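Work through the exercises below with the model open. Each task is followed by a solution in steps.

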Amino acid sequence: MNKYDHIDAVYKRKVDYHKGYFSLDRSPFLELEKEGFDVNENILLKELIHQELISFIELTIKDLPVKEKECILKKYVQCKTLESIAIEENCSIPAVYYSIKIALKKIKEVLIKNGYDIND
């Protein structure tokens, strides 16, 4: 754990040192923060849009069939592997992969139909 704390501390020192020159993590707000501008409005707007998208995706997942919904939640919320999901569902790994693939395709179609840009 100390190794990761050290890495974080080094990164924060680099960001603070180089804040006025360029953005190490490519955030468009670092230079503005260094100059003293208030960027909270832009950040709050982006967070609001992000929360709206997340809630829409959650509603879309609730409308999926039971098996697809379970596989998506186990894979992306519980962070389980395809193998562990296959063991729990008593099916093959390709079946789990195919189920997740179909569910993601359905979510993508719903997002596109409702005007969301899936590239963002």
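Helices (H or I, at least four residues) and strands (E, at least two) are DSSP runs, numbered from the N terminus. This is a predicted model, in which local features need pLDDT of at least 70 and side-chain atom pairs count only at pLDDT 80 or more, while totals for chains, interfaces and linings use all residues. Residues are numbered from 1 along each chain as its sequence is written, and side-chain values use heavy atoms, with hydrogens and water left out.

**Exercise 1. Describe the overall make-up of the protein chain.**

Step 1. Count the elements: the protein chain has 6 helices and 0 strands. Read along the sequence, the pattern is α-α-α-α-α-α.

Step 2. Check burial (buried is under 20% relative accessible area, exposed over 50%, partly exposed in between; 1.4 Å probe, protein chains only). Of the 120 residues, 18% count as buried.

Step 3. Look at contacts (heavy atoms within 4.5 Å). Take those in the protein chain with a separation of 6 or more: residues 24 or more positions apart account for 38% of them.

**Exercise 2. Classify the packing of α4 against α5.**

Step 1. Two packed helices are described by the angle between their axes and the distance between the axes. Axes are lines fitted to C-alpha atoms, for helices over the stretch in contact, and angles run from 0 to 180 degrees between N-to-C directions.

Step 2. Helix α4 spans residues 66–76 and helix α5 residues 82–89; they pack at about 140°, with axes 10 Å apart. That makes α4 oblique to α5. The classes are: under 35 degrees roughly parallel, over 145 roughly antiparallel, 65 to 115 roughly perpendicular, the rest oblique.

Step 3. List the partners. From α4 come K67, E70, C71, K74 and K75; from α5 come L82, I85, E88 and E89. By class, this contact of α4 with α5 holds 3 nonpolar, no polar and 6 charged residues. Here Ala, Val, Leu, Ile, Met, Phe, Trp, Tyr, Cys and Pro count as nonpolar, Asp, Glu, Lys and Arg as charged, and the others, Gly among them, as polar.

**Exercise 3. Place α6 relative to α5 and α4.**

Step 1. The axes of α5 and α6 come within 8 Å and cross at roughly 105°. α5 and α6 are therefore roughly perpendicular to each other.

Step 2. In this contact, L82, E83, I85 and A86 of α5 meet I93, V96, Y97 and I100 of α6. The contact of α5 with α6 has 7 nonpolar, no polar and 1 charged residues.

Step 3. For α4 and α6, the axes come within 9 Å and cross at roughly 95°. α4 and α6 are therefore also roughly perpendicular to each other. Residues of α4 in this contact include K67, C71 and Y76, and those of α6 include V96, S99 and K106. The contact of α4 with α6 divides into 8 nonpolar, 1 polar and 4 charged residues.

**Exercise 4. Is S99 buried or exposed, and which residues does S99 touch?**

Step 1. S99 is found in helix α6. At 12% relative accessibility, S99 counts as buried.

Step 2. Leaving out residues up to four places away in sequence, S99 touches K67, E68 and C71.

**Exercise 5. Define the largest nonpolar core and its sources.**

Step 1. A nonpolar core is a set of buried Ala, Val, Leu, Ile, Met, Phe, Trp, Tyr and Cys residues joined through side-chain atoms within 4.5 Å.

Step 2. The largest one has 11 residues: I61, L64, C71, I72, I85, A86, V96, I100, A103, I107 and L111. α4, α5 and α6 (93–113) each supply at least two residues of this core. Its largest share, 5 residues, comes from α6.

Step 3. Trace I61. Not counting residues up to four places away in sequence, I61 touches K69, I72, L73 and I107.
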